[in-house]
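The exercises below lead a newcomer through one protein chain, from its overall content to single pairs of side chains. Try each task with the structure open before reading the worked solution.

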Amino acid sequence: MRMWAYNSVRPVRARRSAGRMGDAMTLQQLRYLIEIAACGSISQAAHNLYTSQSSLSVAVKDVEAEMGVTIFERSNRGITTTREGMEFLGYARQVVEQADLLEQRYARGAEPVEQHLSVSSQHYTFCVESFLEFVDEYEGSGYTFTLRECRTAEIIGDVRDFRSDVGILFLSSFNEQVIGRAIDDANCTFRRLFTAKPHVFVGASHPLASRTLVQLGDLVEYPRYTFEQGNANSFYYAEEPFAELPASKRVIISDRGTLSNLLAHHIGYTVSTGVMSSEMTTGVVAIPIDTKEVMNVGYIVHNERQLSSLAARYIEKLQLFIEEYQVGYSGL
């Protein structure tokens, strides 16, 4: 992949309201491009920015001509970011973020710059509860926090396209070749948070609930609950280990609330880490599975983007939460 030195980007002027001077890009243009990429639509970006579509179209045209890159592809279905556009926008975000920090630190009378954190995650309760604890630490205005519980492929796509700062998922010996390749192709890196032994989650009245250890063969006669994965549906993209294991029936769901209800009141099961939480401490038990397989749970970040202070703090809260609640915790 082509790498740019930071100073190879043309000078970007630091005043938001400044006009153009020669053919130098402005921060306003970069902000326009970043919003278009986030929305996937010039019309929606114009609405969000309270400006005209023509202003955004001119900004795209001028920057593409000046830098010699094609940032967006246009079609009847809207706008998509090209691969070289993703690379360019990675640098653009760094420039804008650094300019915002400078303005926040030194500009007299300047309003505080709003800080953002966006997280995409598989359906883990420990991600949600640690996120809520994290949000409670930041009082007052000037913050926007977003948590998306979504499909595996969407998590990778969100981080690739800079919609999210971090994406949380798991790797195992079964899926790491396929998912690892998708992470590499997205120009991202996986960083391990912890290693967990797979556990089966069942209701407290389930026939297996009194076991201290479960064999994989014990699960075959019971319904299995799995999270829906959309167009990328395959055993490799499943959020649960041993997705290929036969089951009497499969119940496919899309939210944690439904899963908790099914586990507490029905005879099926799901497989996940041993991390319990307040959502699952009543009516649900986690039993280790007799296997050598492990789940490496971690987060992915884009290679062209530094971890923000907010993202770093969330990761820290996540680690503390896991240490407190994980059953059979095996370290970082």
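**Exercise 1. The chain as a whole.** Find what share of the contacts with a separation of 6 or more comes from residues 24 or more positions apart.

*Solution.* In the protein chain, residues 24 or more positions apart account for 74% of the contacts with a separation of 6 or more, where contact means heavy atoms within 4.5 Å. The model is predicted, so local features need pLDDT of at least 70 and side-chain atom pairs count only at pLDDT 80 or more, while totals for chains, interfaces and linings use all residues. Residues are numbered from 1 along each chain as its sequence is written, and side-chain values use heavy atoms, with hydrogens and water left out. The next step is the inventory: the protein chain has nine helices and 12 strands, taken as DSSP runs numbered from the N terminus (helices are H or I with at least four residues, strands are E with at least two). Finally, buried residues make up 48% of the 332 residues; buried means under 20% relative accessible area, exposed over 50%, and partly exposed in between, with a 1.4 Å probe and protein chains only.

**Exercise 2. The sheet of five strands.** Work out in which order the strands of the open five-stranded sheet lie, and which strands stand at its edges.

*Solution.* Begin with pairing, for which DSSP must find at least two bridges between two strands. Followed in this way, the sheet has the order E4-E3-E5-E12-E6, with mixed pairing. Strand E4 (143–149) and strand E6 (188–196) each have a single partner strand, so one side of each is left without a neighbour in the sheet. From one strand to the next, the twist averages 20°. Now look at one pair: strand E3 (residues 115–121) runs parallel to E4 and is joined to E4 by seven bridges, with Leu117 standing opposite Phe145 in E4. Helix H5 (residues 125–136) packs on this sheet, touching E3, E4, E5, E6 and E12, and its direction makes about 175° with that of E4; axes are lines fitted to C-alpha atoms, for helices over the stretch in contact, and angles run from 0 to 180 degrees between N-to-C directions. Helix H7 (residues 176–185) also packs on the sheet, where it touches E5, E6 and E12.

**Exercise 3. A covered strand.** Decide whether the residues on the two faces of strand E8 are buried or exposed.

*Solution.* Take the faces of E8 (residues 224–227) in turn: Arg224 and Thr226 lie on one side, Tyr225 and Phe227 on the other, and all are buried. Then turn to the partner strand, E9 (residues 250–253), which pairs with E8 in the parallel sense over four bridges. Within E9, Ile253 is the bridge partner of Phe227.

**Exercise 4. Charged pairs.** Identify the residue with which Arg74 forms a salt bridge, and describe how accessible each partner is.

*Solution.* A salt bridge is a side-chain nitrogen of Lys or Arg within 4 Å of a carboxyl oxygen of Asp or Glu, and by this rule the count comes to 13. The partner of Arg74 is Glu64, with the closest N and O atoms 3.5 Å apart. Because Arg74 lies in strand E1 (residues 72–75) and Glu64 in helix H3 (residues 53–67), the pair ties together parts that are 10 residues apart in sequence. Arg74 counts as partly exposed at 47% relative accessibility, whereas Glu64 is buried at 13%. For comparison, Asp158 and Arg163 meet in a salt bridge at 2.9 Å, N to O; here Asp158 is buried, with a relative accessible area of 7%, and Arg163 is partly exposed at 32%.
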